[in-house]
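Welcome, and please open your viewer in cartoon mode. We will go from one selection to the next, with a short account at each stop.

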Amino acid sequence: MVRALSPVPSSPFLSKSNLCRPSPSSCIPMMVARPNSQSYWTSIEADVEAHLQKAIPIRPPTTVFEPMHYLVFAAPKTKAPALCVAACELVGGHQDQAMAAASALHLMHSAAYTHEHLPLTDKPIPKPTIHHAYGPNIELLTGDGIVPFGFELLARSIKPAQNNSGRILRVIVEITRAVGSQGIVDGQYRQLRRIQSNFNSSSDKQYDEEWVEHVLKKKEGEIHACGAACGAILGGGSEEEIERLRKCGLYVGMIQGVMNVVGENEKKGFREVVERLGEMAMKELEIFNGRKVEPISSLIEASLGNV
């Protein structure tokens, strides 16, 4: 039976009370990202891409697989897939156990990005980072096709000899929630409404804390939380380990979200928020004392440096 899903934390990260500096005794020392940690993340991302290259070759009917192949690999990368693999290894699992889930996470992200950036002339959206090689109708249908393909990859990873069907089913439910109406779709909807409101108004509306927190959490935070939790589930982690890594992933995702959601001119004002999120993410790794947490802690450090 699939376990009940634990909700991601709902505390008001952006409230002034949460922005107070912690006492020295509660501060978590930030680890410096070393070259071997950077190569670790590069290696995981390369392995996920190689797995997807095999899963999505350009084959007949080319009218389906050419745009699918293009849009999957043209979408900007997110750290959620690599975080899935790293979490799996941290709890004692092997990279192979999480590769299908990591690939599915990238597929879901690609589909969401494709839908968000459809080339529609009447839609006030941020400038995409990819070239639109196909029209809006093809890109819409292709995004729709990418999502079930991701779940197919997960279903095919069920191996009776490994008795992993229960874990795979739980991961499918986790991903469904993170990318659906309770996750990415909710965040995209809130952001689009704000963009349309600003587009139709002559006034320059400032970000408010509640809106920013909600969009960061839903659009970026929850898919990273999902990635970390799924990796821990597949690696056989305990419930406490799964939830600690879920929270860590949420905070990492929200840091990533500041780069993608908040305007360039406003990012400096969020520096204190980002630092606090980094401290909270590091705090969740304390339970793994003695284990190799450096890869994940290096990702946190690198994320802080990019904001």
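Leaving aside neighbours within four places in sequence, which residues is isoleucine 56 in contact with? Keep that in mind while you take in the whole chain; the model is a predicted one.

**Stop 1: the whole chain.** Colour by secondary structure and you will find 11 helices and zero strands. Half of what you see is hidden from solvent: buried residues account for 50% of the 307 residues. Switch on the surface, and the accessible area is about 14800 Å², with 54% of it belonging to carbon and sulfur atoms. If you draw contacts between residues at least 6 apart in sequence, 77% of them join residues at least 24 apart.

**Stop 2: isoleucine 56 and the core.** Now select isoleucine 56 and show what surrounds it. Beyond its neighbours within four places in sequence, isoleucine 56 is in contact with Phe65, Met68, His69, Val72, Leu107 and Phe149. Widen the selection to the largest nonpolar core, which has 76 residues; Ile56, Ile175, Leu245 and Ile296 are the members that touch the most others. Helix H8, residues 209-234, gives the most to this core, with 13 residues.

**Stop 3: a cis bond.** Step along to proline 61, in the loop between helix H1 (35-55) and helix H2 (62-74). Look at the peptide bond from proline 60 to proline 61: it is cis, with omega near -5 degrees. Most peptide bonds are trans.

**Stop 4: the second largest pocket.** Select Asp96, Gln97, Ser157, Lys159 and Asn164, which lie nearest the centre of the second largest pocket among its 15 lining residues. The volume of this pocket is about 270 Å³. Which helices each supply at least two residues of its lining? They are H4 (95-116), H5 (136-156) and H6 (165-179), and H4 provides the largest share, four residues. Colour the lining by class to see five nonpolar, six polar and four charged residues.

**Stop 5: asparagine 163.** Finish in the loop between H5 and H6, where asparagine 163 is found. Is asparagine 163 buried or exposed? With a relative accessible area of 64%, asparagine 163 is exposed. Check its backbone too: asparagine 163 has a positive phi of about 50 degrees, although it is not a glycine. Most residues other than glycine have a negative phi.

How values were computed. Residues are numbered from 1 along each chain as its sequence is written. This is a predicted model: local features need pLDDT of at least 70, side-chain atom pairs count only at pLDDT 80 or more; totals for chains, interfaces and linings use all residues. Side-chain values use heavy atoms; hydrogens and water are left out. On a 1 Å grid over the protein atoms alone, a cavity is a set of points where a 1.4 Å probe fits but cannot get out, and a pocket is an open set with protein on both sides within 12 Å along at least five of seven lines; lining residues have an atom within 4 Å of a point. Grid points are joined across faces, edges and corners, and a volume is the space filled by probe spheres set on the points. Ala, Val, Leu, Ile, Met, Phe, Trp, Tyr, Cys and Pro count as nonpolar, Asp, Glu, Lys and Arg as charged, and the others, Gly among them, as polar. A nonpolar core is a set of buried Ala, Val, Leu, Ile, Met, Phe, Trp, Tyr and Cys residues joined through side-chain atoms within 4.5 Å. Buried means under 20% relative accessible area, exposed over 50%, partly exposed in between (1.4 Å probe, protein chains only). Contact means heavy atoms within 4.5 Å. Accessible areas come from the Shrake-Rupley method with a 1.4 Å probe; for residues, only the protein chains shown count as cover.
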